[in-house]
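Let's walk through this structure together, one part at a time. Keep the picture in view as you read, and pause whenever you want to find a residue for yourself.

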There are 2 protein chains.
Amino acid sequence: MAPMYASNEGDEPTAGSARERVLSTAARLFYAHGVRATGIDRIIAEAGVAKMSFYRHFPSKSGLVQAFLDRRHAQWMAWFEAALQRRVAQAGVPRLSMLADVLGEWFAQADFRGCAFINLVAEDGEADGPERALAFAHKLELQAFVAGFARSAGVPDPDRAAALAMVVIEGAIVRTQMTGDAAMAGLAARLLDGIAIGLRDGRAS
Amino acid sequence: MAPMYASNEGDEPTAGSARERVLSTAARLFYAHGVRATGIDRIIAEAGVAKMSFYRHFPSKSGLVQAFLDRRHAQWMAWFEAALQRRVAQAGVPRLSMLADVLGEWFAQADFRGCAFINLVAEDGEADGPERALAFAHKLELQAFVAGFARSAGVPDPDRAAALAMVVIEGAIVRTQMTGDAAMAGLAARLLDGIAIGLRDGRAS
DNA sequence: ATCTTGACAGACAGATCTGTCTACATCAAG
DNA sequence: CTTGATGTAGACAGATCTGTCTGTCAAGAT
């Protein structure tokens, strides 16, 4: 493979192709500091890449942002579904509040800074460009997955359960981001159990 | 919150002092497009104010942002508490889900773009400056108010009820922002009722 | 051995952003 | 009438940001 000439200012040895280094560096910086606050110059400096190498692989900063969101969506969903499946296998039966348990693992990570898609929409002003659409699509897919999980957990009206659960999920994410309190997952678990109980009792509609 | 900005919707730059025009224009632009995306030049242009008039009244852009957050906090809280009080007076008795009804009024506004404080933290990168502290303080005060309201509604363990309710509140705000669906207030009302029921049944702990 | 490809290094243009500065106008109070 | 406070208009410096450009280098392919 391509040998690496430039070392990375004491960072880990630069691994992978230039494109891969740019994308992983951008992912870290975009998530940690926000898209707008992260300049191309900083990305290429930390990735140990020339500017033209960046523009050979990405058409623009917006293109890089979209690539970041695409990858983030795929990786996060894969992680979330796998972690949830692990819990289900361990407990033997699925339960709505397991969604919160998995979120709790995420919240405990040192670099947690909320949901990248929520943060993007929050800083995006209005500009309904392709980035915004990717964020919306991510949430739609998550909601569809939650509905399927609710169905597998035997919750009546799983679509409504998913709509309710999404409010709790986003709330727990944002509350953790705003307070730094790790206890939000526990509150979310309690609320998700309440959703299942309420729907079973027919208290909803 | 409608009456809050009704002031300079189509108003001419000749309304109020220069400081007031700058602050109300900044409030509108900061909320609509985000803090980072809104430049000083645009603010002073739309406010019809000279640059030096701006820097005579505010020490820096950061100072303006803080003034914006201060005012936003005061006005939003005042509006929220008044609107809630109106509902309570109308119904005769307080009920936790009324929090969601009031949020629904907010969500229905044409220029709704989520919570200014959440958006600020989301776009703020990390930089723990004074702006971030104001956002956290806002959420703390809101939670304290919700706890008091839960107590007045006769909910057992009002502090825990408030912690749970805050998850639902933030979730409903963000879900409305991310989906544009006006139905989130209804879902939140259902969840808030579930909190009250769960705590009354002692299902919480 | 030469050509092509991918990469690095860094200068550069053009735009934009914050903050400072000068110059001039208005108006109220001493 | 002069002085000070407040305001407008706009030039300017310095930084930063995106995107383009030239030059050089290493290694594989032909």
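A polar contact is a pair of N or O atoms within 3.5 Å; within protein, one of the two must be able to donate a hydrogen and the other to accept it, and residues adjacent in sequence count only if both atoms are side-chain atoms. Before we use that idea, a word on the model: it is predicted, and local features need pLDDT of at least 70, side-chain atom pairs count only at pLDDT 80 or more, while totals for chains, interfaces and linings use all residues. Residues are numbered from 1 along each chain as its sequence is written, chains are lettered from A and ligands numbered from 1 in the order in which they are written, and side-chain values use heavy atoms, with hydrogens and water left out.

Let's begin with DNA strand C. A backbone N or O atom of B:Ile40 lies 2.6 Å from one of the phosphate oxygens of this strand. B:Lys61 also reaches a phosphate oxygen of DNA strand C, this time with an N or O atom of its side chain, at 2.8 Å. B:Lys51 goes to a base instead: a polar atom of its side chain lies 2.7 Å from a base oxygen of DNA strand C. Altogether, 20 residues surround the strand, and A:His57 and B:Met52 are among the closest. Here a residue is near a strand if one of its heavy atoms lies within 4 Å of it. Sugar and phosphate account for 51% of the atoms of DNA strand C that come within 4 Å of the protein.

Which helix gives the largest share of the surface near DNA strand C? It is H3(A), with four residues. Helices (H or I, at least four residues) and strands (E, at least two) are DSSP runs, numbered from the N terminus. By class, this surface has nine nonpolar, six polar and five charged residues. In this grouping, Ala, Val, Leu, Ile, Met, Phe, Trp, Tyr, Cys and Pro count as nonpolar, Asp, Glu, Lys and Arg as charged, and the others, Gly among them, as polar.

Now turn to DNA strand D. It is surrounded by 19 residues, with A:Ile40, A:Lys51, A:Met52, B:Ser53 and B:His57 the closest. A polar side-chain atom of B:His57 lies 2.6 Å from a phosphate oxygen of DNA strand D. B:Ala50 uses a polar backbone atom, 3.2 Å from a phosphate oxygen of the strand, and the side chain of B:Arg21 has an N or O atom 3.4 Å from a phosphate oxygen. Of the atoms of DNA strand D within 4 Å of the protein, 48% belong to sugar or phosphate and the rest to bases. H4(B) gives the most to this surface, with four residues.

Next, look at where the two protein chains meet. The contact (heavy atoms within 4.5 Å) takes 41 residues from chain B and 41 residues from chain A. The size of an interface is often given as the accessible area lost when the parts come together. Buried area is that accessible area (1.4 Å probe), summed over both parts. For chain B and chain A it is about 3700 Å², and carbon and sulfur atoms give 64% of it. B:Arg175, B:Met178 and B:Arg190 supply 21% of the area that chain B buries against chain A, more than any other three residues.

How many salt bridges link chain B and chain A? There are two, a salt bridge being a side-chain nitrogen of Lys or Arg within 4 Å of a carboxyl oxygen of Asp or Glu. B:Glu170 forms a salt bridge with A:Arg175, with the closest N and O atoms 3.4 Å apart. The largest share of the side of chain B that touches chain A comes from H9(B), with 13 residues.

Finally, consider chain A by itself. It has nine helices and zero strands. Chain A is divided into domain 1 (1-58) and domain 2 (62-200), bounds that come from an automatic or database domain assignment. Their centres, taken over C-alpha atoms, are 29 Å apart. The two domains bury about 1300 Å² between them, 66% of it on carbon and sulfur atoms. One salt bridge is counted between them. The side chains of A:Glu20 and A:Arg71 meet in a salt bridge at 2.7 Å, N to O. On the domain 1 side that touches domain 2, H1(A) gives the most, with 10 residues.
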